[in-house]
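Biologist: I'd love a close look at one part of this model. Could you take me through it slowly, since I'm new to this?
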2 protein chains.
Amino acid sequence: MAKRSSAKRRSGCPLNASVEMLGDRWSLLMIRDMMLRGSRTFKEFLASWEGIATNILADRLRRLEAYGIIEAQPDPKDGRKLIYLLTPKGIDLAPVLTEMVLWAARYEDTGNEPLVREILHDRRAFLARVRQRWEQNAKRPAIS
Amino acid sequence: MAKRSSAKRRSGCPLNASVEMLGDRWSLLMIRDMMLRGSRTFKEFLASWEGIATNILADRLRRLEAYGIIEAQPDPKDGRKLIYLLTPKGIDLAPVLTEMVLWAARYEDTGNEPLVREILHDRRAFLARVRQRWEQNAKRPAIS
DNA sequence: AGGTTTACTTGTGAATTGCAAGTGAATTTA
DNA sequence: TAAATTCACTTGCAATTCACAAGTAAACCT
C-alpha cells in the first residue's frame, strides 16, 4: 500500500496523522468491534454497546475506507449487505488498541477483565491470536 | 490513585474509557507536547505546530486535569503562570503514543523520521528515556 | 506609573453531532 | 406473486462543539 501524502495535514508529525484519522469518539470503537467482536456489516456495528447513530456510522465507514483502514465488498449471499473488512493497515492498529485498553484498565474502573487479563498474560500471544482470528473471520460467510 | 468510577460512561469497555478521555483532535497532541517537547505553560502549548485555539486549549487543560492525566501548579517564579505537569497516569500514556506514532509512520507519509528511527531502534530504551527526561523536566525551572 | 506578558474568557458564525423519521433496493413470507 | 420485512443508508433539524477574533484581569517589568 502506497503511503498517503501529507498534503492537507495540520502537521507532519506522525502522531498528528494518527489523530486526524482516529481521533474521534467512534472510529477506534468500530475497529475494536471488527477486531474483537467480528462486526462486519452496518447492522452489526449498530449493535455495539455504545450505540452509534446511523448517520455517524455511515460517515465513519466512508472515512475509514478513504484512509485505507477498512474496505467494503458486496456480500455474495445477500445483495443488500456490504461486508466491511479491516485492511492490513487496519489490523496493524491492534497494538494501539491494546495499549489503550491496558492504560484504561490500569487507571479506570472499567469492565471486561477477562480481556485485560488475556492481554497482560502474554501480549504477543494475544496480538498473534487477534491476527489469526481475523484471517478466519475475513473468510467466514456472513451471519444470517 | 483511586480508579475512576464508570458511572457516566457509555460502556464499561476499557477502550471506550480511553476514547472518552482522549478521543478528540487535541488531547493526545498536548500530551505529546508535554512528553517530547517539554511544554508546560499555556503559552508553550499555544506554540504547538498544529495551532490550537485558546478556548479549546483552556477547555482541554481542564478536562485532562479532571481526568487526572495532568496537574497544575503555580509557578513560584511568576505568579501569572501555571505549570502543567503530567501525572504518572499521564506519563503512562507513552506506550499508547508510541504505537500510534509507529503505526502512522508505517502507513502514512509523515515527517519526524529521527523520532521514528529512535523508537524502532529500541522501543524499551526509548520509553525509559521519555520517563527519565520527564523526571528532569518536572523539576526544572520554567523557561523565562 | 505605564506598558507588556500571561492565561485565560467572551462573543460570533460555521461545522459537527445526535436523534428521529424517512427511502429504496433486496429478500423473505404468506 | 403480492405484501411485509430487512438492510444500508439519507435527510431534516435542534443542540452541541469548533475555530477565529477580540477582550480582560492579574502579575510582571521598566
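Which residues of H2(A) are buried?

Modeller: Happy to! This is a predicted model, where local features need pLDDT of at least 70, side-chain atom pairs count only at pLDDT 80 or more, and totals for chains, interfaces and linings use all residues. Residues are numbered from 1 along each chain as its sequence is written, while chains are lettered from A and ligands numbered from 1 in the order in which they are written.

Your helix, H2 of chain A, covers residues 27-37 (helices are DSSP runs of H or I with at least four residues, numbered from the N terminus). The buried ones are A:Ser27, A:Leu28, A:Leu29, A:Met30, A:Ile31, A:Arg32, A:Asp33, A:Met34 and A:Met35. Here, buried means that 20 or more other C-beta atoms, placed from the backbone, lie within 10 Å of the residue's own. With nine of its 11 residues buried, H2(A) is mostly covered. Just after H2(A) comes A:Gly38, whose phi is positive, at about 75 degrees.

Now for the chain that carries this helix. A turn of 180 degrees with a shift of 0.0 Å along the axis lays chain A on chain B with an RMSD of 0.0 Å (a least-squares fit on the C-alpha atoms of residues with pLDDT of at least 70 in both). That is how a two-fold axis relates copies. The copies meet through the same surface, because 100% of the interface residues of chain A are also interface residues in chain B (contact means C-beta atoms, placed from the backbone, within 7 Å).

Lastly, the DNA: among the 19 residues around DNA strand C, those that come nearest are A:Gly79, B:Thr41, B:Phe42, B:Lys43 and B:Lys81 (near means a C-beta atom, placed from the backbone, within 6 Å). H4(B) gives the most to this surface, with four residues.

Methods. Helix = DSSP H or I, 4+ residues; strand = E, 2+ residues; numbered from the N terminus. Buried ≥ 20, exposed ≤ 12 C-beta atoms within 10 Å, placed from the backbone. Contact = placed C-beta atoms within 7 Å.
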